[in-house]
Each structure stands twice: as C-alpha cells, then as structure tokens.
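Colleague: I have a model open and want to talk through its strands and its core. Can you take me through it?

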Amino acid sequence: MAARRRGRRSGPKTISRTGITGQRGVNLIEGIVLDMESRWTPSGPNEVGIDGYIELFDPASRKALGLTLAAQSKVATGVGADQKPTFDFWCAPADLEYWLAGNMPVILVVSDPASKEAWWVPVKEYFKDW
C-alpha cells in the first residue's frame, strides 16, 4: 500500500507556531482561574469560538457559586510592553455574532503570554449595542 497521496509534499511533521502561541494564552487563563480558586474546563480540540468554561467558587470557603461563564482567548504579543493604560483589539464580526447569540455570559481574554499579562471584557455587556 502506498503511503503517499498525489499532490501532497512529503516532509517532516511540524507543529504550528500559531498553535503553540494560542495554547500559551489558554494556559495563562487556566493559571489565573486556578489562582482564583476556581475551575477551568477546556472546550477541547473542536472548539469554534469558546476556548473553555470558568466555574466560579468562593475563594475563602471553596463553595461553588453556581456561576459559569464561557471564555475566548486571543493572544496579542507585546500588548503590555508599551505601558499604555489602554489598547485596541479588533474582533471579527463572526466571533461577536457567535458570542452574543448564546445564553451564557462570555468573556474575551486578550493576553500576552510572554509578559504573563491578560485583560478581559464581558462581551455581552461591552458589545450590547453592536
């Protein structure tokens, strides 16, 4: 049996730099959530716009609060490097439509994994007039 298909180049298997960078952003969110004494559940390999879910717990008593929200990670390298108090991040219209259509609160987390900084916005509140 031939292992090679027509039209495909053979070569070594590689991992994308974009994929690694994106996973670093998700890992940063997970670490922050765990530091909050709460729970992070990743969406998995077939996610289409929600990277994971955050279940909130009271950090003092560790009791579940019955509050869950969805989180989408976006990595923006060097965002915190210029020390400005604000920055602009442009969302794709298809992403906004998806996040606004659901019945769960969604936060957009923009992070710079290299500096270990992250910023978030509650999507449905921030974009309510979009």
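Colleague: Which residue in β2 stands opposite Pro 42?

Modeller: This is a predicted model: local features need pLDDT of at least 70, side-chain atom pairs count only at pLDDT 80 or more, and totals for chains, interfaces and linings use all residues. Numbering starts from 1 along each chain as its sequence is written, and side-chain values use heavy atoms, with hydrogens and water left out. β1 and β2 (residues 52-57) run antiparallel, joined by four bridges; strands (E, at least two residues) are DSSP runs numbered from the N terminus, and two pair if DSSP finds at least two bridges between them. Opposite Pro 42 in β2 stands Gly 52.

Colleague: Which are the edge strands of the sheet?

Modeller: Five strands form an open, mixed sheet in the order β1-β2-β3-β4-β5. An edge strand here pairs on one side only. That gives β1 (39-42) and β5.

Colleague: What is the bridge partner of Val 109 in β5?

Modeller: β4 (residues 106-112) pairs with β5 (residues 117-122) in the antiparallel sense, over six bridges. Val 109 has its partner in β5: Trp 120.

Colleague: Which element gives the largest share of the largest nonpolar core?

Modeller: Such a core is a set of buried (under 20% relative accessible area, 1.4 Å probe, protein chains only) Ala, Val, Leu, Ile, Met, Phe, Trp, Tyr and Cys residues joined through side-chain atoms within 4.5 Å. This one has 13 residues, and Leu 96 and Trp 99 are among those touching the most other members. Two or more residues come from each of α2 (93-101) and β4. The largest share, three residues, is from β4.

Conventions. Buried means under 20% relative accessible area, exposed over 50%, partly exposed in between (1.4 Å probe, protein chains only).
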